[in-house]
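Q: Could we go through this model together? I would like to begin with its open spaces and then turn to individual residues.

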Amino acid sequence: MPTDLPDGASTSAPAAPVEFRDDVTVELIKHSASDTDVLWAARVSTAGEQSLDELSKDPERSKGLINYLMRDRHGSPFEHNSMTFFISAPIFVFREFMRHRVGWSYNEESGRYRELQPVFYVPGPDRKLVQQGRPGKYEFVHGTPEQHKQAVAAMEESYAQSYAAYQAMLADGIAREVARATLPVGLFSSMYATCNARSLMHFLGLRTQHEMAKVPSFPQREIEMVGERMEAAWAGLMPLTHAAFNGNGRVAP
Ligand SMILES: Cc1cc2nc3c(=O)[nH]c(=O)nc-3n(C[C@H](O)[C@H](O)[C@H](O)COP(=O)(O)OP(=O)(O)OC[C@H]3O[C@@H](n4cnc5c(N)ncnc54)[C@H](O)[C@@H]3O)c2cc1C
């Protein structure tokens, strides 16, 4: 929903349309990933080199082998594949995301080389707003409609002001890399993230909540939204591996 900056917020820059979003973008843009890749890597142990066609001839045996590898945490056969995602999400999601170091490659848009666009995160109506309990043992519950309205209004006002300050600095000749310091972590950024099934499973084990998880995790909802979309794309590419991940408690091998 684009809106205009408040009148007089920026003296020299033209008013930029500010966009507020309550969702994230996740697109699988490139991949080389299939269950056969797992079988191929695993069977070199016992059968040496073999053709990919040969591997898909006995589906039940293939399913059993993938399940065994997952259950006994033989992880390396799950690394011989690659998925590249384009992700657009708030900066606070990227801060959490990039803590995942192993088996991930990242390239993010630059706030030094390009003017950052005014796209900001606001919680959607279904986003649970209220935290109850103590650290380490709490749950999130729905806020009232008034609390939602208050949160969205406060964020929108703050975002519009900080973006106006950013634009004013740029208009006065201040470098993008300096002016961006005024922008908040609710600003959307974009990146390519490349991973393999093993590193994605580790990510999903920590960044999603799931009834089949043997070890529960309590991720922030916004990174979970990214994880859920990545998982849906991956499940379509590697259905046997995905089923074995779920069946073995969503613990990465
Ligand atoms: C719910 C939740 C809350 C969190 N809260 C905080 C917080 O308050 N503050 C904060 O700073 N972080 C926080 N984190 C981030 C967390 O500590 C991890 O940095 C993040 O989840 C990435 O996990 P990882 O290190 O296992 O992943 P990766 O970096 O991808 O590593 C994968 C695996 O490789 C191994 N590994 C990687 N690097 C090393 C190493 N240097 N030495 C030994 N083994 C290594 C480990 O087995 C690791 O599990 C939180 C994460 C979650 C899911």
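Q: Which residues lie nearest the centre of the largest pocket?
A: Arg 127, Lys 128, Phe 140, Gln 209 and Arg 221 lie nearest the centre of the largest pocket, whose lining has 16 residues. A pocket is an open set of points on a 1 Å grid over the protein atoms alone, where a 1.4 Å probe fits and protein lies on both sides within 12 Å along at least five of seven lines; lining residues have an atom within 4 Å of a point. This is a predicted model, in which local features need pLDDT of at least 70 and side-chain atom pairs count only at pLDDT 80 or more, while totals for chains, interfaces and linings use all residues. Residues are numbered from 1 along each chain as its sequence is written, and side-chain values use heavy atoms, with hydrogens and water left out.

Q: What is the volume of the largest pocket?
A: The largest pocket holds about 530 Å³ of space. Such a volume is the space filled by probe spheres set on the points, with grid points joined across faces, edges and corners.

Q: Which elements each supply at least two residues of that lining?
A: Strand 8 (137-141) and helix 8 (221-237) each do so for the largest pocket. Helices (H or I, at least four residues) and strands (E, at least two) are DSSP runs, numbered from the N terminus.

Q: And how do the lining residues of the largest pocket divide by class?
A: Seven are charged, six nonpolar and three polar. Ala, Val, Leu, Ile, Met, Phe, Trp, Tyr, Cys and Pro count as nonpolar, Asp, Glu, Lys and Arg as charged, and the others, Gly among them, as polar.

Q: What about the second largest pocket, which residues lie nearest its centre?
A: His 100, Arg 101, Val 102, Ser 199 and His 202 do, within a lining of 16 residues. The second largest pocket has a volume of about 300 Å³, and its lining comprises six polar, five nonpolar and five charged residues.

Q: Which helix gives the most to the lining of the second largest pocket?
A: Helix 7 (residues 197-207) does, with five residues.

Q: Which residues of helix 7 are buried?
A: They are Ala 197, Ser 199, Leu 200, Met 201, Phe 203, Leu 204 and Arg 207. Buried means under 20% relative accessible area, exposed over 50% and partly exposed in between, with a 1.4 Å probe and protein chains only.

Q: What does Asn 196 do at the start of helix 7?
A: A side-chain oxygen of Asn 196 comes within 2.9 Å of the backbone nitrogen of Arg 198. The pair is a polar contact, that is, two N or O atoms within 3.5 Å; within protein, one must be able to donate a hydrogen and the other to accept it, and residues adjacent in sequence count only if both atoms are side-chain atoms.

Q: Turning to the ligand, which residues are around it?
A: Arg 99, His 100, Arg 101, Val 102, His 202, Leu 206, Arg 207 and Phe 218 surround the ligand, each with a heavy atom within 4 Å of it. By class, this shell has three nonpolar, two polar and three charged residues.

Q: Where are the polar atoms of Arg 99, Val 102 and His 202 relative to the ligand?
A: A side-chain N or O atom of Arg 99 is 2.7 Å from an oxygen atom of the ligand. For Val 102, a backbone N or O atom lies 3.1 Å from a ligand oxygen. For His 202, a polar side-chain atom is 2.7 Å from an oxygen atom of the ligand. The ligand exposes 940 Å² when taken alone, and the protein buries 44% of that; these areas come from the Shrake-Rupley method with a 1.4 Å probe.

Q: Is Ser 88 buried or exposed?
A: Ser 88 counts as buried because its relative accessibility is 11%. Ser 88 belongs to strand 4 (residues 82-90), and its side chain reaches the backbone oxygen of Ser 189 at 3.3 Å.

Q: Which way do Arg 73 and Arg 250 go, buried or exposed?
A: Arg 73 counts as exposed, at 52% relative accessibility, whereas Arg 250 counts as buried, at 4%. Arg 73 sits in the loop between helix 3 (59-71) and strand 4, and Arg 250 in the segment after helix 9. Arg 73 has a positive phi of about 55 degrees although it is not a glycine, and phi of Arg 250 is near 55 degrees.

Q: Finally, how many helices and strands are there overall?
A: The protein has nine helices and nine strands. Of its 253 residues, 41% count as buried.
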